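Welcome, and please have a look at the model below. This briefing walks through its internal space and then its nonpolar packing.

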Amino acid sequence: MKKQPKNKVLFIIPAGIIFAGAVIFLCTRGSGDDSVCKENVARLQALENADISQTEQQLQALKQTSGSDSDASADNSETSVLSDVQIRQVFAGSVIIGDSITESIVEYGYLDTDVVVSKRGLNVSAADDQISTAIALNPSHVFMAFGSNDLELYGSASSEFVSDYKEQIKKIQTALPGVPIYINSILPITDDAIAQTPDLGYYPDYNEGLIKLCQEMGCTFIDNSAIVTDSSENLYEPDGEHVIQDYYPKWLTHMAQTAGLQV
């Protein structure tokens with residue numbers, strides 16, 4: 001006598017057992033979302049009296065949907081840093097003007113000189129050529145990042161720094177009406193660096209002045225301090241003022257997010 005194939009036993013398992021197991025699986029699987037769980041239970045109840053093979057097929061679809069929702073939730077729970085390719089995509093058509101800290105964006109290969117207009121040692125009052133070049137590029141968004149060199153130039157006279165910054169902003173607004181302008185904060189400077197060069201310690205006054213300037217001129221202030229202060233790693237160069245390469249994709253991502261630039 002031939003033995004009955006073992007797989008035929010599966011067809012006599014009651015649908016209720018499949019239903020109960022499915023409820024436990026889908027409600028305990030990683031998403032932790034009660035609304036998702038209730039929705040899946042309701043859908044499973046509708047399948048309880050259906051054809052077994054059809055129920056199994058739709059159950060698999062529910063599992064895949066539940067897994068996708070869980071993965072999406074995990075992805076959204078973390079702020080993603082843009083990839084090198086994405087950085088080039090989102091900043092296409094924009095311009096970033098600044099000093100040596102900005103210049104390193106090009107040196108590290110994140111963007112090219114059709115986006116980054118900078119010069120090592122540049123201060124805001126001497127940036128006429130860079131402002132003219134940026135205007136000629138006819139950008140959709142303008143980002144400015146000055147202050148690192150200005151601290152030693154202006155010292156405690158932060159109001160003079162803000163006044164010169166204002167003049168450069170006016171040039172851009174006159175030549176490019178309606179183009180949004182974003183002003184980057186001066187990064188925090190380490191105590192050791194300030195001990196070596198006391199004028200660097202005025203950076204909070206400069207940032208406060210830039211915040212007020214943005215309010216006056218209709219620009220957007222971008223505070224980048226959390227990138228370095230909240231990091232689990234030291235992002236500073238030995239001089240305590242400049243930053244290492246790991247800072248740059250985070251900074252560029254923060255600028256893009258603030259401006260609403262998307263891939």
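The largest cavity holds about 170 Å³ of space. A cavity here is a set of points on a 1 Å grid over the protein atoms alone where a 1.4 Å probe fits but cannot get out, and its volume is the space filled by probe spheres set on the points, joined across faces, edges and corners. This is a predicted model, where local features need pLDDT of at least 70 and side-chain atom pairs count only at pLDDT 80 or more, while totals for chains, interfaces and linings use all residues. Residues are numbered from 1 along each chain as its sequence is written, and side-chain values use heavy atoms, leaving out hydrogens and water.

**Cavities**
- The count comes to 2 cavities of 30 Å³ or more.
- Among the 17 residues lining the largest cavity (an atom within 4 Å of a point), Ile-101, Ser-148, Ser-185, Ile-186 and Leu-187 are the closest to its centre.
- α5 (100-107) and α12 (247-259) each supply at least two residues of that lining; helices are DSSP runs of H or I with at least four residues, and strands are E runs of at least two, numbered from the N terminus.

**Nonpolar cores**
- The largest nonpolar core (buried Ala, Val, Leu, Ile, Met, Phe, Trp, Tyr and Cys joined through side-chain atoms within 4.5 Å; buried means under 20% relative accessible area with a 1.4 Å probe, protein chains only) has 33 residues, and Ile-97, Phe-161 and Tyr-165 are among those touching the most other members.
- α10 gives the most to this core, with 6 residues.
- A second, separate core of 29 residues includes Leu-111, Val-115, Phe-143 and Tyr-236.

How values were computed. Buried means under 20% relative accessible area, exposed over 50%, partly exposed in between (1.4 Å probe, protein chains only). On a 1 Å grid over the protein atoms alone, a cavity is a set of points where a 1.4 Å probe fits but cannot get out, and a pocket is an open set with protein on both sides within 12 Å along at least five of seven lines; lining residues have an atom within 4 Å of a point.
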